[in-house]
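Work through the exercises below with the coordinates open. Each task is followed by a solution in steps.

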Amino acid sequence: GDIADDLLRGLGGLGSGLTEAFSDPVIRLGVTGLSRAGKTVFITSLVANLMDRGRMPGLRAAAEGRILSAFLQPQPDDTVPRFDYEVHLDELTGPAPRWPESTRAVSELRLSFRLAEAGLFGGMRGPRTLHLDIVDYPGEWLLDLALMEQDYAGWSAEVLTRIEPRVEAAGYMAQIAGLDAAAAHDEMRAKALAEGFASYLGAARAAGYSDCTPGRFLLPGELAGSPVLTFAPLPKPAETPRGALWREMERRFEAYKAMVVKPFFRDHFARIDRQVVLVDALGAIHAGPRAVEDMRRAMAGILAAFRPGRTGWLTGLLGLRRVERILFAATKADHLHHSEHAKLTRIMAALMREAKDRAEFAGAETAAMAIGSLRATVEESVRHEGRVLDCVRGRLLDGGREAAFYPGELPDNPAALLAPAREGATQWLDADYAVMAFAPAVLKLKPGEGPPHIRLDRAAEFLIGDRL
Ligand code: GDP
C-alpha cells in the first residue's frame with residue numbers, strides 16, 4: 001500500500017543520499033510543456049550544443065572555457081526509457097533534415113560534464129564532474145495534478161461547463177445529451193463515451209487550447225484501451241444506483257488518480273531540481289484570446305504543482321524537497337524577426353507574473369524568456385507597398401519551397417493580450433503565421449556557421465549555470 005511505498009521510498013532516498021555524498025553531484029532537470037511545445041527539439045539541440053561546443057556564449061562556464069568535456073553516460077534509472085538523442089539528432093542533421101518524433105511519455109538522458117574550477121587557484125584543483133539528468137515528460141501529465149483535488153462529480157460538472165460553448169465539444173455534448181447515467185453500466189457505451197471525449201480533447205488541443213486533461217487521454221502509451229482510460233465526464237443523475245454507468249465512471253476516475261497520476265508524481269516529478277516549461281505562446285496568440293486565456297490558466301496550474309507548502313498528499317511525497325529554479329520559455333522564436341523578440345519576452349514575463357499571482361506562488365527562482373531551440377529561418381526585410389516589413393525566410397515543410405513570410409505583429413503592451421476585452425480584442429499574428437510551418441534547417445554547431453539557436457545558451461545559464 002501507500003504507506004509501505006512511501007516508507008520504502010524514504011529509505012531508498014536515504015540510501016542514495018548517502019552514496020551521493022561520496023560521489024559526483026547530480027542535477028535533475030525536468031523538461032516539460034504541452035505536446036508540440038518543442039521539448040524534443042529543445043533537448044536534442046541543448047545536448048548537441050553542449051557536447052559539440054556549439055555557440056553558447058551566454059553560458060558563462062562555456063564562455064570561460066571551463067567545460068572541459070560533456071559526454072553521455074548511462075542514466076541512473078534503469079526502468080525509464082532513454083531519451084532517443086542519437087535518432088533525433090540524426091533526423092535533424094541528416095541530408096534532408098526532418099523534425100523528430102515528439103515526446104509521448106517520460107524519458108531520461110544523463111549528460112556528464114568535466115569542469116575546470118573557476119577562479120585564480122581553480123587550476124590547482126583537479127577537474128570535477130557534474131551529472132545532468134534530463135527528464136522529459138508531457139506537460140499534460142503535470143496538469144493532471146488538478147484532478148487530485150477533485151472528485152468525479154465535481155470534475156464532471158466543471159469540465160462540462162467549461163467546454164460546452166466550444167465548437168470542438170459539439171460532438172461530445174451531443175453524445176451525452178439525453179444520456180441516462182443511472183442506467184446499468186455497459187462497456188461498449190463507456191468505450192464510446194471515452195473515445196468521444198478523447199477526440200474532443202485532441203480537437204481542442206489542435207485548436208490551441210491548453211486544458212486538455214486527463215493527460216493520458218492524449219498520450220496513453222501502454223495504458224491505451226485500459227479501464228483507467230475508459231471514462232468521461234457525465235452530468236450527474238438524480239440517483240446513482242449500484243451498477244450504474246455513473247458509478248463505474250466514478251470508480252475509474254478514482255483509479256486514474258491513484259494508479260496513474262500519483263505514481264507519476266512520486267516517481268518522476270518529486271525528484272526534480274530545476275524545471276523548464278516550454279510554451280508555444282506564439283501558437284496560442286495566433287489562435288486568439290480564448291487560447292491565450294487558456295494558456296494562462298495552464299501556466300498557473302503548472303506553477304501550483306511547484307508551489308512549496310502545497311497541501312495534502314503532494315507535500316507528503318515531496319517533504320522538504322523543492323524545485324530551485326523554474327524557467328518559462330516561449331519556443332519557436334525563429335518564426336519572428338528579432339525586432340519582435342523583446343515583445344515576446346515581455347509577454348512571457350507578464351504571463352508568468354500573472355500565473356504566479358493566480359497560483360500564489362513564491363519560493364523557487366523563476367524567469368521568462370523567448371527562445372528558438374533550432375533556427376529554421378533567416379531574417380529578411382521586404383519592401384511592400386511603401387513599407388519595410390521584417391520577414392523571416394525558411395523552407396516550407398509542405399513542398400519544400402523556400403519563401404519569406406511576414407508573421408504579423410505582437411502588441412507592444414502585453415495587457416492587450418491579457419485583457420483583450422478591456423483593450424479592444426484584436427487578432428495578433430494574423431498575417432502569414434498560419435502557413436509558417438518550416439522544415440528544420442541543418443543543425444549548425446561550428447563557429448561561423450551562424451547562430452543555430454536563439455538564446456538557448458541563456459536558458460542553460462539560468463537553469464544550470466550556477467552549478468557549472
Ligand atoms: P514536443 O511534443 O514538446 O516534444 O514537441 P517537439 O519538440 O516535437 O516540437 C514540435 C514541433 O514544433 C516540431 O516538429 C517543429 O515543427 C516545431 N518546433 C519545435 N522547436 C522549434 C524551433 O526551435 N523552431 C521552429 N521553427 N520550429 C520548432
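The model is predicted. Strand 8 and strand 9 (residues 387-395) pair in the antiparallel sense, over 8 bridges.

**Exercise 1. Place this strand pair in its sheet, and state which strands stand at the edges.**

Step 1. The sheet is open and has 3 strands, in the order 8-9-10, with antiparallel pairing.

Step 2. Strand 8 (377-384) and strand 10 (402-405) each have a single partner strand, so each has one side without a neighbour in the sheet. These two are the edge strands.

Step 3. From one strand to the next, the twist averages 35°.

Step 4. For the register, find V382: the residue opposite is L389 in strand 9.

**Exercise 2. Give the strand order of the sheet with 7 strands, and name its edges.**

Step 1. The order is 2-3-4-1-5-6-7; the sheet is open and its pairing is mixed.

Step 2. Pairing on one side only identifies the edges as strand 2 (67-73) and strand 7 (365-370).

Step 3. On average, neighbouring strands are turned by 20° against each other, direction ignored.

Step 4. At one end of the order, strand 7 pairs with strand 6 (residues 325-330) in the parallel sense, over 6 bridges. Within this pairing, A330 has A370 of strand 7 as its bridge partner.

**Exercise 3. Which strands does helix 15 touch, and which does helix 18 lie across?**

Step 1. Helix 15 (residues 341-358) packs on the sheet and touches strand 5 (274-279), strand 6 and strand 7. The direction of helix 15 makes about 150° with that of strand 7.

Step 2. Helix 18 (residues 456-464) lies across strand 1 (26-32), strand 3 (107-115), strand 4 (128-136), strand 5, strand 6 and strand 7. Helix 18 runs at about 165° to strand 6.

Step 3. Compare the two lists: strand 5, strand 6 and strand 7 appear for helix 15 and again for helix 18.

**Exercise 4. Locate the salt bridge of E117 and R128, and say which parts the pair ties together.**

Step 1. Side chains of opposite charge can pair when their charged atoms come close. The structure holds 38 salt bridges.

Step 2. In one of them, the side chains of E117 and R128 meet at 3.1 Å, N to O.

Step 3. E117 lies in the loop between strand 3 and strand 4, and R128 in strand 4, so the pair ties together parts that are 11 residues apart in sequence.

Step 4. A residue is partly exposed between 20% and 50% relative accessible area. E117, at 22%, is therefore partly exposed, and so is R128, at 24%.

**Exercise 5. Classify the partners in two salt bridges within helices as buried, partly exposed or exposed.**

Step 1. R162 and E158 form a salt bridge, with the closest N and O atoms 3.1 Å apart. Both residues lie in helix 7 (residues 152-163), 4 residues apart, about one turn of the helix.

Step 2. R162 has a relative accessible area of 23%, and is partly exposed. E158 is partly exposed at 38%.

Step 3. R297 and D294 meet in a salt bridge at 3.2 Å, N to O. They lie 3 residues apart in helix 13 (residues 289-306), about one turn.

Step 4. R297 is partly exposed, with a relative accessible area of 36%. D294 has 2% relative accessibility; buried means under 20%, so D294 counts as buried.

Step 5. Beyond pairs, salt bridges that share partners join R28, D77, E108, R110, D133 and R271 into one network.

Definitions and conventions:
Residues are numbered from 1 along each chain as its sequence is written. This is a predicted model: local features need pLDDT of at least 70, side-chain atom pairs count only at pLDDT 80 or more; totals for chains, interfaces and linings use all residues. Side-chain values use heavy atoms; hydrogens and water are left out. Two strands pair if DSSP finds at least two bridges between them. Axes are lines fitted to C-alpha atoms, for helices over the stretch in contact, and angles run from 0 to 180 degrees between N-to-C directions. Contact means heavy atoms within 4.5 Å. A salt bridge is a side-chain nitrogen of Lys or Arg within 4 Å of a carboxyl oxygen of Asp or Glu. Buried means under 20% relative accessible area, exposed over 50%, partly exposed in between (1.4 Å probe, protein chains only).
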